[in-house]
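Q: I have a structure in front of me and would like to learn how to read it. Where should we begin?

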Amino acid sequence: MQDTLSLHELNALVRRSLEQCLPDEYWVQAELSDVRTNSTGHCYLEFVQKDPRSNNLIAKARGTIWANIYRLLKPYFEEATGQSFTSGIKVLVKVTVAFHELYGYSLTVQDIDPTYTLGDMARRRREILKQLAEEGVLTLNKELEMPLLPQRIAVISSATAAGYGDFCHQLQHNSRGFYFNTELFPALMQGNQVEESVLAALDAVNARMEEFDVVVIIRGGGATSDLSGFDTYLLAAACAQFPLPVITGIGHERDDTVLDSVAHTRVKTPTAAAELLINRMEEAADRLEELAGELHARIYHRLEQERKRLSLLQSRIPSQVMRKLSESRIKLQMAKSNLSHAAETLLVRQHHRLELLQNRIADASPQKLLKRGYSITLKEGKAVKNAACLRPGDELITRLYEGEVKSKVESIPL
């Protein structure tokens, strides 16, 4: 009768066989799954391979990265790729094959090649941009005309981001004293919820689209490993088809993200985004001054032409009408003086009117009204203007200058 083995003896035999047959280190291509770390700093994960046609799993193996390797490998990989070391990405890793009598087959990671992941990320970016191009939406946002006076700005950013503070400071302290009305739509700028959070902010802006001229998405100060959240199809498609020009200032020197590629204008930093808006205002102001100068010059030129024409006519008129010509000359000089004065007065009046309009825009700012003590009561995101539209049990949000108050309607006086 053949000798029998215990399960432990059989597993030990498997372990020894694997150690003899696969003693070296091997480079393996796989996708990361179920990446997690424990309190000792070790990283445990799964390597998977999927069928490219059906996306079904065709191979899977447990993996381990010991703490002494993981604390060096993770920052090296993320700095090189700008991608978090997380589930769902494809990697090229150097592994050794291990088999434990109790825990079974696993791969122990010794090294990683970031260039492989960079190539896969670039391929995914190209696929997203190709899909958007095939759908005919890739350049829609770029084709929108930037407003001459982009003063009403919807900002999508984290309220605590340093880049958001830099952006607002740059706008408020511009050298020409232009007024800008900004409103923050908070969103997460790093982590796994970037796509969902920014999409929600874009939806909120779109619901009040008529109140804004442009949308600015800024980040600044975050780790490059968090940029992968801006390389998704859904976010790129929403930005490409957004009805207002979108300016991105995500704050990095790397290749453009997919979001940068579809936005109306891409700048490197939040401060550069503010400078772009200020420059647009300066161009409009300079053009207005240029037009005023052209108007003054044309008036003067026309008066000179008329003076010359009158001088020519004067030489052809008999002497008996010289007196009348003299009187006409005096009237013409007075008209010239009055016309010049009227033109200057008109320019001053129009300049004053522009200043009044700017002040009215500032006074009509929602934030300024709230700062005066007013509040806005919203039901399902819409302003409540008549108590008759409310019903007991309705939930309301009252927006104050600082913060919001939630309430519920108990009764409505008749």
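A: Begin with what pairing means: two strands pair if DSSP finds at least two bridges between them. Strands of a sheet pair through backbone hydrogen bonds, either parallel or antiparallel. Note also that this is a predicted model.

Q: In what order do the strands of the open sheet run, and what is the sense of the pairing?

A: The order is S7-S6-S8-S9-S10, which makes 5 strands in an open sheet, and the pairing is parallel.

Q: Which strands stand at the edges of that sheet?

A: Strand S7 (181–186) and strand S10 (265–266) do. Each has a single partner strand, so one side of each is left without a neighbour in the sheet.

Q: How many bridges pair S6 and S7?

A: Strand S6, residues 152–157, pairs with S7 over 6 bridges in the parallel sense. To find the register, look for Ile 153, which stands opposite Thr 182 in S7. Helix H4 packs on this sheet, where it touches S6, S7 and strand S8 (214–218). The direction of H4 makes about 165° with that of S6.

Q: What is the order of the strands that close into a barrel?

A: Here 5 strands close in the order S1-S2-S3-S5-S4, and the pairing is mixed. From one strand to the next the twist averages 55°. Helix H3 (residues 114–134) packs on the sheet and touches S1, S4 and strand S5 (104–112). Its direction makes about 130° with that of S4.

Q: Which residues can I use to follow the pairing from S1 to S2?

A: Glu 31 stands opposite Val 48 in S2. S1 and strand S2 (residues 43–50) pair over 5 bridges in the antiparallel sense. The hairpin of these two strands has 5 residues between them, and there Gly 41 takes a positive phi near 95°.

Q: How many bridges join S2 to S3, and how many join S1 to S4?

A: S2 is joined to strand S3 (residues 57–65) by 8 bridges, and the two run antiparallel. Within that pairing, Glu 46 stands opposite Arg 62 in S3. Strand S1 (residues 25–37) is joined to strand S4 (residues 90–100) by 7 bridges, again with an antiparallel run. Glu 25 has Thr 96 in S4 as its bridge partner.

Q: What does the UniProt record say about residues 5–113?

A: The unreviewed UniProt entry annotates them as "domain: OB-fold nucleic acid binding". In the model, this span is 28% helix and 46% strand, and its end C-alpha atoms lie 42 Å apart.

Q: Let us turn to helices. Is H4 roughly parallel or roughly antiparallel to H8?

A: The cut-off needed is this: angles under 35 degrees count as roughly parallel. The axes of helix H4 (residues 162–172) and helix H8 (residues 270–316) come within 8 Å and cross at roughly 25°. H4 is therefore roughly parallel to H8, and their crossing is right-handed.

Q: Which residues of H4 and H8 meet?

A: On the H4 side they are Gly 163, Asp 166, Phe 167, Gln 170 and Leu 171. On the H8 side they include Pro 270, Thr 271, Glu 275 and Ile 278. By class, the contact of H4 with H8 has 7 nonpolar, 3 polar and 2 charged residues.

Q: Which region does the UniProt record mark as a coiled-coil region?

A: The unreviewed entry gives residues 271–298 for it. Over those residues the model is 100% helix and 0% strand, with the end C-alpha atoms 40 Å apart.

Q: How do H5 and H6 pack, and what is the handedness of the crossing?

A: Helix H5 (residues 194–207) and helix H6 (residues 233–240) pack at about 20°, with their axes 9 Å apart. H5 is therefore roughly parallel to H6, and the crossing is left-handed. Glu 195, Val 198, Leu 199 and Leu 202 in H5 meet Leu 234, Leu 235 and Ala 238 in H6. The contact of H5 with H6 has 6 nonpolar, no polar and 1 charged residues.

Q: At what angle do the axes of H3 and H6 cross?

A: They cross at roughly 40° and come within 10 Å. That makes H3 oblique to H6, and H3 passes H6 in a right-handed crossing. Ile 128, Gln 131 and Leu 132 in H3 meet Tyr 233, Ala 236 and Ala 237 in H6.

Conventions
Residues numbered from 1 in each chain as written. Predicted model: local features only at pLDDT ≥ 70, side-chain atom pairs only at ≥ 80, totals over all residues. Heavy atoms only, no water. Axes fitted to C-alpha atoms, helices over the stretch in contact; angles between N-to-C directions. Helix = DSSP H or I, 4+ residues; strand = E, 2+ residues; numbered from the N terminus. Parallel < 35°, antiparallel > 145°, perpendicular 65-115°, else oblique. Left-handed = near helix turned anticlockwise from the far one by under 90°. Contact = heavy atoms within 4.5 Å. Nonpolar A, V, L, I, M, F, W, Y, C, P; charged D, E, K, R; others polar. UniProt positions renumbered as here; feature names shortened; annotations may be inferred.
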